Amino acid sequence: SGRLRLSAGWLGAEGLDPGALSVVAVEGGSMEPTLRDGDEILVDRTPRALRAGIHVIRLDDMLLVKRLEPGPAGTMRVISDNPAYPASERAMGEVDVVGRVVWKGGRL
């Protein structure tokens, strides 16, 4: 149907506003084994202070799903869970955080 149905109770318990959520299909293998190609993720676009976790980001004109960790002096680490892809450290201003991944679904 092109829609993802989630319990209003679960959304409320998680502090999520349905109007600030997007479903995105994962492409590629850089976040394996956590996220696989074809998985769907629920992204909370509510503006919040950055905390470590998996986020959708815009970096160098590309939309990516990466693990972010605060780094030293106004930087952040941009990490792929797949060790075949190197991590990088970027200035906070270089990374546009679109939202935090709060749920995933995919094939078993």
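## A contact to start from

Let's begin with a pair of side chains: Ser30 and Lys66 are joined by a polar contact of 2.9 Å. Please keep in mind that this is a predicted model. To find Ser30, look in the loop between β1 and β2. Is Ser30 buried or exposed? Its relative accessibility is 14%, and buried means under 20%, so Ser30 counts as buried.

Both partners of this contact will come up again when we reach the pockets. Before that, it helps to see the sheet that the strands build.

## The sheet

Which strands make up the sheet, and in what order? Seven strands take part, and walking across the open sheet you meet β1, β2, β7, β3, β4, β5 and then β6. The pairing is antiparallel. The edges belong to β1, which covers residues 21-25, and β6, which covers 88-91. Each of these two has a single partner strand, so one of its sides has no neighbour in the sheet. Going from one strand to the next, the twist averages 45°.

For a closer look at one pair, try β2 (residues 40-44) and β7 (residues 96-105). These strands run antiparallel, and five bridges join them. If you would like a spot to find on the structure, look for Glu40, which stands opposite Gly105 in β7.

## Loops with something to notice

The loop between β1 and β2 deserves a second visit. Besides Ser30, this loop holds Pro33. What is the form of the peptide bond from Glu32 to Pro33? That bond is cis, and its omega is near 10°.

Now move to the loop between β3 (53-59) and β4 (62-70), where Asp60 lies. Asp61 is in the loop between β3 and β4 as well. Asp60 has a phi near 50°, which is a positive value in a residue other than glycine. For Asp61, also a residue other than glycine, phi is positive too, near 65°. How exposed are they? Asp60 has a relative accessible area of 54%, and Asp61 has one of 80%. The cut-off for exposed is over 50%, so Asp60 counts as exposed, and so does Asp61.

## The largest pocket

Here we meet Ser30 and Lys66 again. How many residues line the largest pocket? There are 23, and those nearest its centre are Ser30, Leu63, Leu64, Val65 and Lys66. The elements that each give two or more residues to this lining are β1, β3, β4 and β5 (75-79). Of the elements, β4 gives the most, with five residues.

The space in this pocket comes to about 400 Å³. Its lining divides into 15 nonpolar residues, five polar ones and three charged ones. The side chains of Ser30 and Lys66, two of the residues nearest the centre, are the pair joined by the polar contact we started from.

## The second largest pocket

The second largest pocket has a volume of about 340 Å³. Of the 16 residues in its lining, Asp44, Thr46, Arg48, Arg51 and Arg100 are the closest to the centre.

Which strand gives the largest share of this lining? The answer is β7, with five residues. By class, the lining of the second largest pocket has seven nonpolar, three polar and six charged residues.

Key:
Residues numbered from 1 in each chain as written. Predicted model: local features only at pLDDT ≥ 70, side-chain atom pairs only at ≥ 80, totals over all residues. Heavy atoms only, no water. Pairing = 2+ DSSP bridges. Helix = DSSP H or I, 4+ residues; strand = E, 2+ residues; numbered from the N terminus. Axes fitted to C-alpha atoms, helices over the stretch in contact; angles between N-to-C directions. Buried < 20%, exposed > 50% of the residue type's maximum accessible area, 1.4 Å probe, protein only. 1 Å grid on protein atoms, 1.4 Å probe; cavity = no way out; pocket = protein on both sides within 12 Å on 5 of 7 lines; lining within 4 Å. Points joined across faces, edges and corners; volume = space filled by probe spheres on them. Nonpolar A, V, L, I, M, F, W, Y, C, P; charged D, E, K, R; others polar. Polar contact = N/O pair within 3.5 Å; in protein donor to acceptor, adjacent residues only side chain to side chain.
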